[in-house]
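Biologist: I've got the structure open and want to walk through it with you. Could we go piece by piece?

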Amino acid sequence: MLILDYATKYANRVGASPGYMEQLTVFFRRLPWQVEEVTPDNVDEYLTQALTHLSPQTVANHRRMLTTVLDDAVKNGVNTCIHRRFRRVKVPRPIPRAWSRGEIRRLVEESKKESGHFRDLPKSDFLVAWFLAGYCLGLRAGDLHTIRWEQIRGRRLYLVQNKTSTPHVAVFTDEALRACKTLPRRARVFGDYAAINTIQQWVARVVKRAGLAGSTKFLRRSCATYSKVQGRSPQHALGHLTEGLAERNYVDRLLYEEEAGINGQPLPAVLEVEDG
(Lines give C-alpha, C1' and ligand atoms only; values in the text may rest on other atoms or scores of the structure.)
Protein backbone atom coordinates (compact mmCIF):
# COMPACT_ATOMS: atom_id res chain seq x y z
CA MET A 1 0.00 0.00 0.00
CA LEU A 2 1.29 3.44 -0.88
CA ILE A 3 2.18 5.52 2.16
CA LEU A 4 -0.22 8.22 0.87
CA ASP A 5 -3.12 5.76 1.00
CA TYR A 6 -2.15 4.63 4.49
CA ALA A 7 -1.80 8.22 5.70
CA THR A 8 -5.27 9.03 4.33
CA LYS A 9 -6.80 6.02 6.08
CA TYR A 10 -5.01 6.96 9.31
CA ALA A 11 -6.30 10.53 9.15
CA ASN A 12 -9.86 9.35 8.52
CA ARG A 13 -9.64 6.83 11.38
CA VAL A 14 -8.45 9.35 13.97
CA GLY A 15 -10.80 12.12 12.78
CA ALA A 16 -8.11 14.54 11.60
CA SER A 17 -9.14 18.12 10.89
CA PRO A 18 -9.52 19.19 7.23
CA GLY A 19 -6.40 21.34 7.54
CA TYR A 20 -4.27 18.47 8.84
CA MET A 21 -5.74 16.11 6.23
CA GLU A 22 -4.67 18.53 3.52
CA GLN A 23 -1.14 18.77 4.97
CA LEU A 24 -0.80 14.98 5.01
CA THR A 25 -2.08 14.64 1.45
CA VAL A 26 0.18 17.35 0.01
CA PHE A 27 3.24 15.90 1.74
CA PHE A 28 2.79 12.15 1.25
CA ARG A 29 1.83 12.60 -2.40
CA ARG A 30 5.50 13.32 -3.09
CA LEU A 31 6.70 10.01 -1.57
CA PRO A 32 6.30 6.93 -3.82
CA TRP A 33 6.98 4.55 -0.91
CA GLN A 34 5.19 1.36 0.03
CA VAL A 35 4.32 1.73 3.70
CA GLU A 36 5.28 -1.90 4.44
CA GLU A 37 8.82 -1.38 3.12
CA VAL A 38 9.83 1.97 4.62
CA THR A 39 13.01 1.82 6.72
CA PRO A 40 14.65 4.40 8.99
CA ASP A 41 17.39 4.75 6.37
CA ASN A 42 14.78 5.75 3.76
CA VAL A 43 13.44 8.44 6.05
CA ASP A 44 16.89 9.67 7.11
CA GLU A 45 17.97 9.94 3.47
CA TYR A 46 14.84 11.90 2.58
CA LEU A 47 15.26 14.32 5.51
CA THR A 48 18.94 14.93 4.70
CA GLN A 49 18.18 15.61 1.04
CA ALA A 50 15.18 17.83 1.88
CA LEU A 51 17.35 20.06 4.07
CA THR A 52 19.31 21.10 0.98
CA HIS A 53 16.34 23.02 -0.47
CA LEU A 54 13.71 23.36 2.27
CA SER A 55 13.77 25.25 5.56
CA PRO A 56 14.61 23.30 8.73
CA GLN A 57 11.12 24.10 10.09
CA THR A 58 9.45 22.58 7.02
CA VAL A 59 11.63 19.47 7.17
CA ALA A 60 10.95 19.13 10.91
CA ASN A 61 7.22 19.19 10.10
CA HIS A 62 7.79 16.46 7.51
CA ARG A 63 9.65 14.38 10.10
CA ARG A 64 6.77 14.85 12.53
CA MET A 65 4.20 13.63 9.99
CA LEU A 66 6.36 10.66 8.99
CA THR A 67 6.83 9.71 12.64
CA THR A 68 3.10 9.93 13.38
CA VAL A 69 1.98 7.83 10.40
CA LEU A 70 4.77 5.24 10.56
CA ASP A 71 4.41 4.81 14.33
CA ASP A 72 0.81 3.89 13.63
CA ALA A 73 1.89 1.47 10.89
CA VAL A 74 4.35 -0.23 13.27
CA LYS A 75 1.76 -0.38 16.04
CA ASN A 76 -0.72 -2.13 13.72
CA GLY A 77 1.86 -4.56 12.32
CA VAL A 78 1.76 -3.07 8.82
CA ASN A 79 5.44 -2.13 8.93
CA THR A 80 8.05 -4.36 10.61
CA CYS A 81 11.15 -2.59 9.27
CA ILE A 82 11.33 0.33 11.71
CA HIS A 83 13.20 -0.35 14.96
CA ARG A 84 14.76 3.05 15.75
CA ARG A 85 13.95 6.74 15.69
CA PHE A 86 14.64 8.87 12.65
CA ARG A 87 17.47 11.40 12.49
CA ARG A 88 16.92 14.69 14.27
CA VAL A 89 16.24 17.93 12.42
CA LYS A 90 17.57 20.95 14.28
CA VAL A 91 15.37 24.02 13.93
CA PRO A 92 16.90 27.42 14.80
CA ARG A 93 14.89 29.38 17.35
CA PRO A 94 12.90 32.00 15.40
CA ILE A 95 13.14 35.72 16.07
CA PRO A 96 9.51 36.86 15.65
CA ARG A 97 8.88 40.17 13.89
CA ALA A 98 5.54 41.88 14.38
CA TRP A 99 4.08 45.09 13.02
CA SER A 100 3.79 47.96 15.50
CA ARG A 101 0.52 49.89 15.80
CA GLY A 102 2.16 52.70 13.86
CA GLU A 103 3.02 50.33 11.02
CA ILE A 104 -0.51 48.92 11.00
CA ARG A 105 -1.81 52.49 10.73
CA ARG A 106 0.45 52.94 7.68
CA LEU A 107 -1.02 49.79 6.15
CA VAL A 108 -4.57 51.01 6.82
CA GLU A 109 -3.82 54.40 5.24
CA GLU A 110 -2.24 52.68 2.25
CA SER A 111 -5.26 50.38 1.98
CA LYS A 112 -7.56 53.38 1.69
CA LYS A 113 -5.72 54.34 -1.51
CA GLU A 114 -6.44 50.96 -3.14
CA SER A 115 -8.56 51.42 -6.25
CA GLY A 116 -11.05 49.10 -7.86
CA HIS A 117 -13.88 46.85 -6.79
CA PHE A 118 -14.40 43.13 -6.39
CA ARG A 119 -18.04 42.58 -7.36
CA ASP A 120 -19.92 45.10 -5.16
CA LEU A 121 -17.00 45.47 -2.76
CA PRO A 122 -14.46 48.35 -2.77
CA LYS A 123 -11.07 46.71 -2.26
CA SER A 124 -10.03 49.59 -0.02
CA ASP A 125 -12.85 48.89 2.47
CA PHE A 126 -12.08 45.18 2.45
CA LEU A 127 -8.36 45.67 3.14
CA VAL A 128 -8.95 48.17 5.96
CA ALA A 129 -11.27 45.67 7.64
CA TRP A 130 -8.83 42.79 7.03
CA PHE A 131 -5.87 44.58 8.64
CA LEU A 132 -7.82 45.85 11.65
CA ALA A 133 -9.58 42.53 12.29
CA GLY A 134 -6.39 40.53 11.75
CA TYR A 135 -4.63 42.61 14.40
CA CYS A 136 -7.23 42.46 17.15
CA LEU A 137 -8.40 38.87 16.59
CA GLY A 138 -4.95 37.34 16.07
CA LEU A 139 -6.34 34.52 13.92
CA ARG A 140 -4.52 32.44 11.36
CA ALA A 141 -5.23 33.74 7.85
CA GLY A 142 -7.37 30.71 7.00
CA ASP A 143 -9.52 31.17 10.11
CA LEU A 144 -9.85 34.91 9.51
CA HIS A 145 -10.97 34.17 5.96
CA THR A 146 -13.81 31.89 7.11
CA ILE A 147 -15.29 33.76 10.11
CA ARG A 148 -19.07 34.18 9.90
CA TRP A 149 -21.40 36.87 11.18
CA GLU A 150 -23.37 34.25 13.10
CA GLN A 151 -20.21 33.56 15.17
CA ILE A 152 -20.11 37.18 16.41
CA ARG A 153 -21.98 38.20 19.55
CA GLY A 154 -21.44 41.82 20.46
CA ARG A 155 -17.68 42.35 20.22
CA ARG A 156 -16.79 38.69 20.76
CA LEU A 157 -16.09 36.11 18.08
CA TYR A 158 -16.60 32.45 18.97
CA LEU A 159 -15.16 29.98 16.47
CA VAL A 160 -13.52 26.58 16.12
CA GLN A 161 -9.94 26.89 14.89
CA ASN A 162 -9.38 24.89 11.73
CA LYS A 163 -5.84 23.75 12.54
CA THR A 164 -6.54 22.37 16.01
CA SER A 165 -10.34 21.88 15.91
CA THR A 166 -10.56 23.67 19.29
CA PRO A 167 -12.99 26.44 20.30
CA HIS A 168 -11.57 29.93 20.69
CA VAL A 169 -12.95 33.32 21.71
CA ALA A 170 -11.44 36.53 20.31
CA VAL A 171 -12.51 40.14 20.85
CA PHE A 172 -12.99 42.82 18.19
CA THR A 173 -11.85 46.36 18.77
CA ASP A 174 -14.57 48.91 18.07
CA GLU A 175 -12.70 50.20 15.02
CA ALA A 176 -12.30 46.71 13.55
CA LEU A 177 -15.96 45.82 14.05
CA ARG A 178 -17.04 49.11 12.46
CA ALA A 179 -14.78 48.46 9.47
CA CYS A 180 -16.24 44.95 9.02
CA LYS A 181 -19.78 46.30 9.19
CA THR A 182 -19.10 48.68 6.30
CA LEU A 183 -18.67 45.66 3.98
CA PRO A 184 -21.70 44.42 2.01
CA ARG A 185 -23.33 41.78 4.22
CA ARG A 186 -22.59 38.14 3.38
CA ALA A 187 -22.70 34.97 5.49
CA ARG A 188 -18.92 35.14 5.91
CA VAL A 189 -17.29 38.40 6.88
CA PHE A 190 -14.42 38.02 4.38
CA GLY A 191 -14.56 34.63 2.70
CA ASP A 192 -17.50 35.23 0.38
CA TYR A 193 -15.68 37.96 -1.54
CA ALA A 194 -12.39 36.41 -2.66
CA ALA A 195 -10.21 33.32 -2.26
CA ILE A 196 -7.53 33.44 0.42
CA ASN A 197 -4.72 33.46 -2.18
CA THR A 198 -6.27 36.48 -3.88
CA ILE A 199 -6.55 38.31 -0.57
CA GLN A 200 -2.93 37.54 0.26
CA GLN A 201 -1.89 39.04 -3.07
CA TRP A 202 -3.84 42.22 -2.26
CA VAL A 203 -2.18 42.33 1.16
CA ALA A 204 1.29 41.85 -0.35
CA ARG A 205 0.79 44.82 -2.70
CA VAL A 206 -0.29 47.11 0.13
CA VAL A 207 2.60 45.98 2.35
CA LYS A 208 5.08 46.67 -0.45
CA ARG A 209 3.66 50.12 -1.17
CA ALA A 210 3.85 50.95 2.55
CA GLY A 211 7.58 50.14 2.48
CA LEU A 212 7.21 47.21 4.87
CA ALA A 213 7.81 43.48 4.80
CA GLY A 214 5.52 40.75 6.03
CA SER A 215 2.15 39.08 5.58
CA THR A 216 -1.09 38.49 7.47
CA LYS A 217 0.93 36.36 9.91
CA PHE A 218 2.58 39.55 11.16
CA LEU A 219 -0.83 40.68 12.41
CA ARG A 220 -1.07 37.50 14.46
CA ARG A 221 2.33 38.30 15.97
CA SER A 222 1.21 41.86 16.68
CA CYS A 223 -1.81 40.51 18.55
CA ALA A 224 0.41 38.26 20.67
CA THR A 225 2.89 41.06 21.37
CA TYR A 226 0.35 43.72 22.37
CA SER A 227 -1.53 41.17 24.48
CA LYS A 228 1.67 40.73 26.46
CA VAL A 229 2.10 44.50 26.70
CA GLN A 230 -1.38 44.63 28.27
CA GLY A 231 -0.41 41.92 30.75
CA ARG A 232 -2.57 39.30 29.03
CA SER A 233 -1.49 35.80 28.02
CA PRO A 234 -0.27 35.57 24.39
CA GLN A 235 -1.15 31.87 24.49
CA HIS A 236 -4.75 32.67 25.38
CA ALA A 237 -4.93 35.50 22.84
CA LEU A 238 -3.89 33.18 19.99
CA GLY A 239 -5.75 30.10 21.20
CA HIS A 240 -2.64 27.93 21.40
CA LEU A 241 -2.69 24.59 23.18
CA THR A 242 1.08 24.26 23.67
CA GLU A 243 2.49 26.10 26.68
CA GLY A 244 5.08 28.73 25.74
CA LEU A 245 4.63 28.42 21.96
CA ALA A 246 3.12 31.89 21.52
CA GLU A 247 5.80 33.46 23.72
CA ARG A 248 8.63 31.82 21.74
CA ASN A 249 7.33 32.09 18.20
CA TYR A 250 4.94 35.05 18.10
CA VAL A 251 5.93 37.73 20.62
CA ASP A 252 8.23 40.35 19.10
CA ARG A 253 10.49 40.91 22.09
CA LEU A 254 11.95 44.17 20.80
CA LEU A 255 8.52 45.66 20.10
CA TYR A 256 7.26 44.43 23.47
CA GLU A 257 10.12 46.11 25.36
CA GLU A 258 9.67 49.36 23.41
CA GLU A 259 5.93 49.48 24.11
CA ALA A 260 6.32 48.42 27.75
CA GLY A 261 9.23 50.82 28.39
CA ILE A 262 11.56 48.01 29.45
CA ASN A 263 15.33 47.84 29.04
CA GLY A 264 15.58 51.10 27.10
CA GLN A 265 18.47 52.68 28.99
CA PRO A 266 21.97 51.86 27.65
CA LEU A 267 25.02 51.30 29.86
CA PRO A 268 27.38 54.26 30.50
CA ALA A 269 29.66 55.02 27.54
CA VAL A 270 33.30 53.92 27.68
CA LEU A 271 34.97 56.49 25.40
CA GLU A 272 33.07 59.57 26.54
CA VAL A 273 34.73 61.19 29.59
CA GLU A 274 32.40 62.93 32.02
CA ASP A 275 33.11 66.62 32.72
CA GLY A 276 34.90 67.27 35.96
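Modeller: Sure, let's begin with a hairpin. Strands S4 and S5 form one with six residues between the strands, and Ser 165 there takes a positive phi near 55°. Helices (H or I, at least four residues) and strands (E, at least two) are DSSP runs, numbered from the N terminus. This is a predicted model, where local features need pLDDT of at least 70 and side-chain atom pairs count only at pLDDT 80 or more, while totals for chains, interfaces and linings use all residues. Residues are numbered from 1 along each chain as its sequence is written, and side-chain values use heavy atoms, with hydrogens and water left out.

Biologist: Which residue in S5 is the bridge partner of Tyr 158?

Modeller: Two strands pair if DSSP finds at least two bridges between them. S4 and S5 (residues 167–171) run antiparallel and are joined by five bridges. In S5, the partner of Tyr 158 is Val 169.

Biologist: And on the other hairpin, what stands opposite Arg 156 of S4?

Modeller: Strand S3 (residues 152–153) pairs with S4 in the antiparallel sense over two bridges. Those two strands make a hairpin with two residues between them, and Gly 154 in the turn has a positive phi of about 65°. Opposite Arg 156 stands Arg 153.

Biologist: Which residues make up the covered face of S4?

Modeller: S4 covers residues 156–160, and its uncovered face holds Arg 156, Tyr 158 and Val 160. That leaves the covered face to Leu 157 and Leu 159.

Biologist: Over to helix H3. Why are its buried residues on the same side?

Modeller: Buried means under 20% relative accessible area, exposed over 50%, and partly exposed in between (1.4 Å probe, protein chains only). In H3 (residues 40–50), the buried ones are Pro 40, Val 43, Asp 44, Tyr 46, Leu 47 and Ala 50. Going by the directions from the helix axis to the C-beta atoms, they share a side because they cover an arc of only 160°.

Biologist: Which residues are exposed on the other side of H3?

Modeller: The buried residues have cover that includes helix H2 (18–28) and helix H4 (56–75), counting contact as heavy atoms within 4.5 Å. On the other side, the exposed residues are Asp 41 and Glu 45.

Biologist: How far apart are the closest N and O atoms of Arg 205 and Glu 114?

Modeller: A salt bridge here is a side-chain nitrogen of Lys or Arg within 4 Å of a carboxyl oxygen of Asp or Glu. Arg 205 and Glu 114 form one. The pair links distant parts of the chain, with Arg 205 in helix H9 (residues 196–209) and Glu 114 in the loop between helix H5 (101–112) and strand S1 (117–118), 91 residues apart. The closest N and O atoms are 3.6 Å apart.

Biologist: Is Glu 114 buried or exposed?

Modeller: Its partner Arg 205 is partly exposed, with a relative accessible area of 36%. Glu 114 has a relative accessibility of 11%, so it counts as buried.

Biologist: Last one: why is the pair of Phe 126 and Phe 190 edge-to-face?

Modeller: Rings of Phe, Tyr and Trp (its six-membered ring) pair if their centres lie within 6.5 Å; planes under 30 degrees apart count as stacked, over 60 as edge-to-face and the rest as tilted. The whole structure has eleven aromatic pairs. For Phe 126 and Phe 190 the centres are 5.4 Å apart, and the pair is edge-to-face because the planes lie at 80°.
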